[in-house]
Amino acid sequence: MSQGSVSFEATGEAALFGFDATSAAVRIQPRSSAWRLGGALATFVGVVAVASPLVVFPPHAVWLLGGLGTGAFLGHRRYIERFTLLAATGTCPKCGQTFALKKMRLRVPHPLPCDACHHESTLRLPEGLLEQHALD
Ligand SMILES: [Zn+2]
């Protein structure tokens with residue numbers, strides 16, 4: 001599977017209604033369609049392979065459908081992962097607590113939960129940033 005491209009860093013904002021936005025540093029990895037499709041297929045096959053031995057036990061159809069459904073669900077999640085958020089660090093706009101997100105699929109808008117005050121701010125990236133780095 002080709003990685004194709006390197007990750008990039010950007011400065012965005014953590015925005016929460018009613019509070020001044022704070023700056024957030026992010027590192028993002030664009031994903032190619034080959035990476036997403038290959039990963040989706042590998043995920044699907046992997047889940048089905050793990051679930052298939054269960055099919056010999058009752059209730060057979062439930063294991064079969066559950067395995068196929070879980071594989072399709074996880075595979076689809078991988079397929080729509082156009083960008084991976086490798087890391088995000090910043091401070092909560094409400095209480096000033098620092099946060100550091102781990103690697104996960106980048107959502108738009110991406111939620112930034114605060115462990116200290118339990119408010120969830122939103123990651124705001126510069127206009128056109130993702131389009132500029134999109135692989136396909
Ligand atoms: Zn907070």
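**Chatting through a two-domain model**

Colleague: Which domains does the domain assignment give for this protein?

Modeller: The assignment gives domain 1 as 1-30 + 85-136, and domain 2 as 32-80. Keep in mind that this is a predicted model.

Colleague: How many Å separate the centres of the two domains?

Modeller: Going by C-alpha atoms, the centres of domain 1 and domain 2 are 30 Å apart. The contact takes seven residues from domain 1 and nine residues from domain 2.

Colleague: And what area do they bury between them?

Modeller: About 590 Å² is buried between domain 1 and domain 2, with 51% of it on carbon and sulfur atoms.

Colleague: How many salt bridges cross that interface?

Modeller: The rule finds one salt bridge between domain 1 and domain 2.

Colleague: What kinds of residues does domain 1 put on that side?

Modeller: On the side of domain 1 that touches domain 2, you get three nonpolar, two polar and two charged residues.

Colleague: Any polar contacts there? How many residue pairs does the rule find?

Modeller: Two residue pairs are in polar contact across the interface of domain 1 and domain 2, both at pLDDT 80 or more.

Colleague: Let's look at the whole structure. How many salt bridges does a search find?

Modeller: The search of the whole structure finds three salt bridges. One of the salt bridges pairs E9 with R27, where the closest N and O atoms are 2.6 Å apart.

Colleague: Which strands do E9 and R27 lie in?

Modeller: E9 lies in strand β1 and R27 in strand β2, so the pair ties together parts that are 18 residues apart in sequence.

Colleague: What about D136, which residue does it form a salt bridge with?

Modeller: D136 forms a salt bridge with R36, and their closest N and O atoms are 3.2 Å apart.

Colleague: Why can side chains of opposite charge pair at all?

Modeller: Opposite charges on side chains can pair when the charged atoms come close.

Colleague: OK, new topic: strands. In which sense do β1 and β2 pair?

Modeller: Strand β1 (residues 8-15) and strand β2 (residues 22-30) are antiparallel, with seven bridges between them. For example, A14 has T22 in β2 as its bridge partner.

Colleague: What sits in the turn of that hairpin?

Modeller: The hairpin of β1 and β2 has six residues between the strands, and G18 in the turn has a positive phi of about 90°.

Colleague: Does the sheet carry on from there? How many bridges join β2 and β3?

Modeller: Seven bridges pair β2 with strand β3 (residues 83-91), again in the antiparallel sense. In that pairing A25 stands opposite T89, and A24 stands opposite G90.

Colleague: And how many bridges join β3 to β4?

Modeller: Four bridges join β3 to strand β4 (residues 98-101), and the two run antiparallel. T89 turns up again here, with A100 in β4 as its bridge partner. β3 and β4 form a hairpin with six residues between them, and G96 in the turn has a positive phi of about 85°.

Colleague: What about β3 and β5, how many bridges there?

Modeller: Two bridges join β3 to β5, running antiparallel. In that pairing T84 stands opposite R105 in β5.

Colleague: Back to β1. How many bridges join it to β7?

Modeller: Three bridges join β1 to β7, and they run antiparallel. You can spot A15 opposite T122 in β7. β7 also pairs with β6 in the antiparallel sense, over four bridges, and P113 stands opposite E120 there.

Colleague: What phi does H118 take in the hairpin of β6 and β7?

Modeller: H118 takes a positive phi near 65° in that hairpin, which has six residues between the strands. H118 is a residue other than glycine, and you'll find H118 in the loop between β6 and β7 (120-124).

Colleague: Last topic, prolines! Is the bond from P58 to P59 cis or trans?

Modeller: The peptide bond from P58 to P59 is cis, with omega near -5°. P59 is in the loop between α1 (33-51) and α2 (60-79). V108 and P109 are also joined by a cis peptide bond, with omega about -5°. P109 is in the loop between β5 (104-105) and β6 (110-113).

Note on methods: Residues numbered from 1 in each chain as written. Predicted model: local features only at pLDDT ≥ 70, side-chain atom pairs only at ≥ 80, totals over all residues. Heavy atoms only, no water. Domains from an automatic or database assignment. Contact = heavy atoms within 4.5 Å. Buried area = accessible area lost by both parts, 1.4 Å probe. Salt bridge = Lys/Arg side-chain N within 4 Å of Asp/Glu carboxyl O. Polar contact = N/O pair within 3.5 Å; in protein donor to acceptor, adjacent residues only side chain to side chain. Nonpolar A, V, L, I, M, F, W, Y, C, P; charged D, E, K, R; others polar. Pairing = 2+ DSSP bridges.
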